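Good morning, everyone, and thank you for making time for this. Please have the sequence and the structure open in front of you while I talk.

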Amino acid sequence: MLNEDRIALMTKMAAYESGQGKRDISVSGFFRGDYISFQVLKSALCATVGFALVVAMYILYDLEGFLTDFYKMDVAAFVRDIAVKYAVVLVIYLLISYLVYAYRFSKAKKHMKKYLSELKQLEEMYDWE
Amino acid sequence: MTNLLVIKELIVGFFSRFEAYIVAVLKFILAMIALLLINADLGYMQKINNGAIVLIVSLLCSFLPMNLIVIIMAAFILLHVYALSLECAVIVAMIFVIMFVLYFRFSPKDACAVILTPICYMLKIPYVVPLTLGFVGTPMSCVSVACGTVTYFMLGYIKDNSDQLAKSGNDPEAALGSFKYIIDGLLGSDKMLLMVIAFAVVVVAVYMIKSLPLDHSWKIALGLGVVVNILVILIGCTALDVEMSVGGVFVGTIFSALIVFAIQFFVFNVDYSRTENVQFEDDEYYYYVKAIPKLSVEAKDVSIMRMSYRDDDYEDDDDGLDYI
């Protein structure tokens, strides 16, 4: 026989699973450290691409001057200067990424806790029948 | 007030029932407006500056995810800029990639804001976007507003300097030196920097205030958002030596706040619970459920109105929902 309460609960849970729950479930499949490290690594890759483009734009900005001075310039000092700036950008970017993804992980865990309690409730409904 | 509540209830009911179609139509309208504005402002590539192409792409956009629509808009801009000047297209492409790297990492859900920001600028009400995102977004939504703002100022610069940019593309020797001119023009605008900072501050301020456990925190957040926006822009104008009409900032911000207030009434305070079509199974059955959200809160308000002068009618009326 159909149990209306159970169907309502199952519908609510199925709606969550097909929406926001999809992401929450995949996030909560990770340990906190693994999830944040993975996301921070992806951010590092993005930051590197972004920084490389900024450096390319910096060179293009005065391409004539750069090409003229290239043989006269201290390449080691230039590279060191770029590396220091890259390190600073990377640290700031990764710090922001860490905070954002730590927050998202805790939010997903909170949603999953509610989802699991509903799952337990559903199990109890079946047991009771 | 009751009429407004009834209208609100009608909108909720209509949206809940036809959500899939309404979203597709809204995406179509948004994509069409954005493409028409891009073509009107740039329009250098004749092949895509064509009503039929705009219509086809807009129709396609109505079925695509918002983030893909953002990429299509960026591609349209790039094609037009490429037709104008290759050097300019290279720089614009680089700026787009840098923006996407930031945007897709931190606020990929705010694609709508990226497209709406330049549109609102053209309608002279850009302050609507940061004020709204403070309510519906997160602090990271400032990245989306920044992307939209940079795009708007880039389009403006390319439009205003198209003759100069086209000339540099025809002369290979001048091309090397032209990068400096293009980058200075595209990114050297103090006004753009000021707007990016002001909007970021507004998004974060509104988000933080509306999250406080206070009565009427949303209204306080909107009021303070207006004050913060005006103050940051005025201080920034002085600090960065940017010329902006003070009256324009005041009127624009207050008008934007009124729009946000209206949006708040019709959108934010309403639970636009979706009509859910879900499938699941247990040991005995397969379930194919269509869940339609109940409309109940506003019925009480309407009942109060009827009681005040038509008691008889109220007694006959058992649920108050017949008129909806």
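What is the mean pLDDT of chain B, and what percentage of its residues reach 70 or more? This is a predicted model, and for chain B the mean pLDDT is 81, with 84% of the residues at 70 or more. For the complex, the predictor reports an ipTM of 0.75 together with a pTM of 0.77.

The confidence varies between the elements of chain B: helix H2, residues 51-61, has the highest mean pLDDT, at 93, while helix H14, residues 311-316, has the lowest, at 45. There are also two stretches of chain B to read with care. Over residues 297-302 of chain B the pLDDT is below 50, and this stretch has twelve contacts in the model beyond near neighbours in sequence. Over residues 311-324 of chain B the pLDDT is again below 50, and here the model has 16 contacts beyond near neighbours in sequence.

Let me turn now to helix H5 of chain B, which covers residues 111-122. Ten of its twelve residues are buried, so this helix is largely enclosed by the rest of the structure. Among the buried residues of H5(B) you will find B:Ala111, B:Cys112, B:Val114, B:Ile115 and B:Leu116, and further along B:Pro118, B:Cys120 and B:Tyr121. Just after H5(B), if you follow the chain onward, B:Lys124 takes a positive phi of about 65°.

Next, please find a pair of helices in chain B, namely H10, residues 190-210, and H11, residues 217-240, whose axes come within 8 Å and cross at roughly 155°. Angles over 145 degrees count as roughly antiparallel, and H10(B) and H11(B) are therefore roughly antiparallel to each other. Their crossing is right-handed, and the contact of H10(B) with H11(B) has 18 nonpolar, four polar and two charged residues.

Finally, I would like to look at where the two chains meet. How many residues does each chain bring to the contact? Chain B brings 20 residues, and chain A brings 20 residues. On the side of chain B that touches chain A, at least two residues each come from helix H4 (86-106), helix H9 (172-187), strand E1 (276-281) and strand E2 (286-291), and H4(B) gives the most, with eight residues. By class, this side of chain B divides into 16 nonpolar residues, one polar residue and three charged residues.

Methods
Residues are numbered from 1 along each chain as its sequence is written. Chains are lettered from A and ligands numbered from 1 in the order in which they are written. This is a predicted model: local features need pLDDT of at least 70, side-chain atom pairs count only at pLDDT 80 or more; totals for chains, interfaces and linings use all residues. Axes are lines fitted to C-alpha atoms, for helices over the stretch in contact, and angles run from 0 to 180 degrees between N-to-C directions. Helices (H or I, at least four residues) and strands (E, at least two) are DSSP runs, numbered from the N terminus. Angles under 35 degrees count as roughly parallel, over 145 as roughly antiparallel, 65 to 115 as roughly perpendicular and the rest as oblique. A crossing is left-handed if the near helix is turned anticlockwise from the far one by less than a right angle, and right-handed if clockwise. Ala, Val, Leu, Ile, Met, Phe, Trp, Tyr, Cys and Pro count as nonpolar, Asp, Glu, Lys and Arg as charged, and the others, Gly among them, as polar. Two residues are in contact if their C-beta atoms, placed from the backbone, lie within 7 Å. pLDDT is the predictor's confidence in each residue, from 0 to 100. A residue is buried if 20 or more other C-beta atoms lie within 10 Å of its own, exposed if 12 or fewer, and partly exposed in between; C-beta atoms are placed from the backbone.
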